[in-house]
Amino acid sequence: MTKIGDKFPDFNLKNQNGETIFSEDLKGSKSIVYFYPRDNTPTCTTEACDFRDNLEDFNELNTKVYGISGDSEKKHSNFSNKHSLNFDLLVDEDYQLSEKVGVYQLKKSFGKESMGIVRTTFVLDEDNKVIHVIEKVKVKTQIEDLKNFLKE
């Protein structure tokens, strides 16, 4: 698992509009990079809408927001449009970045085991160094936790 003090891995991923976002694009401001299992599921929708509704606060804290899952560009586009998301969703269909940062793991759900993204949030500094990690994200409290961290 990528941890505090590590450089966030380099990447180039497509967003919901088919534009390529490079890890270099994150430099110069802080970034929240949150990994989530799947578009249009209840908890993932709540999480995305919470980021949407608080984006202005994050902008005031000079912090960009990026969501990443294994869903396709088309699914991201539909999800983004349906919920009027105001930040980029990045496509990690082959789970390469998810594996590099250690969030693609064996998960148990309803007694079944399968590989998937474990909901995890990283905060990066202006040089893409990890300065905060939230594992086992609690969607209800995550936004306040992030704002409090960024204000410190």
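Before I start, one definition: a residue is called buried when its relative accessible area is under 20%, exposed when it is over 50%, and partly exposed in between. The structure I am showing is a predicted model.

I will take helix α4 as the opening example. On the far side of α4 from its buried residues, Lys140 and Lys151 are exposed. The buried set in α4 consists of Val139, Gln142, Ile143, Leu146, Lys147, Phe149 and Leu150. These residues take up an arc of only 165° around the axis, which means they lie on the same side of α4. What covers them? The cover of the buried α4 residues includes strands β3 (30-35), β4 (63-69), β8 (120-124) and β9 (130-134), along with helix α1 (42-60). The length of the helix can be checked too. α4 has 13 residues, 139-151, and at 1.5 Å a residue it should span 18 Å; the C-alpha atoms at its ends are 19 Å apart, which agrees.

Next, the sheet. Five strands make up an open sheet, ordered β5-β4-β3-β8-β9, with mixed pairing. β5 and β9 are at the edges with a single partner strand each, so each has one side without a neighbour in the sheet. On average, and ignoring direction, neighbouring strands here are turned by 20° against each other. As general background, strands of a sheet pair through backbone hydrogen bonds, in a parallel or an antiparallel manner.

Now two of the pairings. β3 and β4 run parallel and are joined by six bridges. In that pairing, Lys30 has Thr63 in β4 as its bridge partner. β4 and β5 are also paired in the parallel sense, over four bridges. Here Ser69 is opposite Val91 in β5. Helix α2 lies across β4 and β5, and runs at about 160° to β5.

How much of β4 is buried? Six of its seven residues are, so β4 is largely enclosed by the rest of the structure. For β3, five of the six residues are buried, so that strand is largely enclosed as well.

On to the aromatic residues. A pair of aromatic rings is described by two quantities, the distance of the centres and the angle of the planes. With centres within 6.5 Å as the rule for a pair, the model has ten aromatic pairs. Take Phe51 and Phe87: their ring centres are 6.3 Å apart and their planes are at 70°, so this pair is edge-to-face. Phe51 belongs to helix α1 and Phe87 to the loop between α2 (73-82) and β5 (88-91); with their positions 36 residues apart, the pair links distant parts of the chain. Both Phe51 and Phe87 are buried. They are also members of one aromatic cluster, formed by Tyr34, Tyr36, Phe51, Phe58, Phe79 and Phe87.

Now for the backbone. Most residues other than glycine have a negative phi. Which residues go against that here? Asn40 is one of them, with a positive phi of about 60° although it is not a glycine. Asn40 sits in the loop between β3 and α1, and at a relative accessible area of 38% it is partly exposed. Asn62 is another non-glycine residue with a positive phi, of about 55°. The loop that holds Asn62 is the one between α1 and β4. Asn62 is partly exposed as well, with a relative accessible area of 43%.

Two individual residues to finish. Ser98 is part of helix α3, residues 96-101. Is Ser98 buried or exposed? Its relative accessibility is 0%, so Ser98 counts as buried. Outside its neighbours within four places in sequence, the contacts of Ser98 are Phe35, Asp92, Val103, Tyr104 and Ile117.

The other residue is Pro9, in the segment before β1 (12-14). Pro9 has a relative accessible area of 15% and is buried. Setting aside residues up to four places away in sequence, Pro9 touches Thr2, Ser23, Leu97, Lys100 and Val101. Pro9 and Asn128 are 119 residues apart in sequence, yet their C-alpha atoms are 8.5 Å apart in space.

That is the end of my part.

How values were computed: Residues numbered from 1 in each chain as written. Predicted model: local features only at pLDDT ≥ 70, side-chain atom pairs only at ≥ 80, totals over all residues. Heavy atoms only, no water. Helix = DSSP H or I, 4+ residues; strand = E, 2+ residues; numbered from the N terminus. Expected span 1.5 Å × (residues − 1). Buried < 20%, exposed > 50% of the residue type's maximum accessible area, 1.4 Å probe, protein only. Arc of directions from axis to C-beta. Contact = heavy atoms within 4.5 Å. Phe/Tyr/Trp six-rings, centres within 6.5 Å; stacked < 30°, edge-to-face > 60°. Pairing = 2+ DSSP bridges. Axes fitted to C-alpha atoms, helices over the stretch in contact; angles between N-to-C directions.
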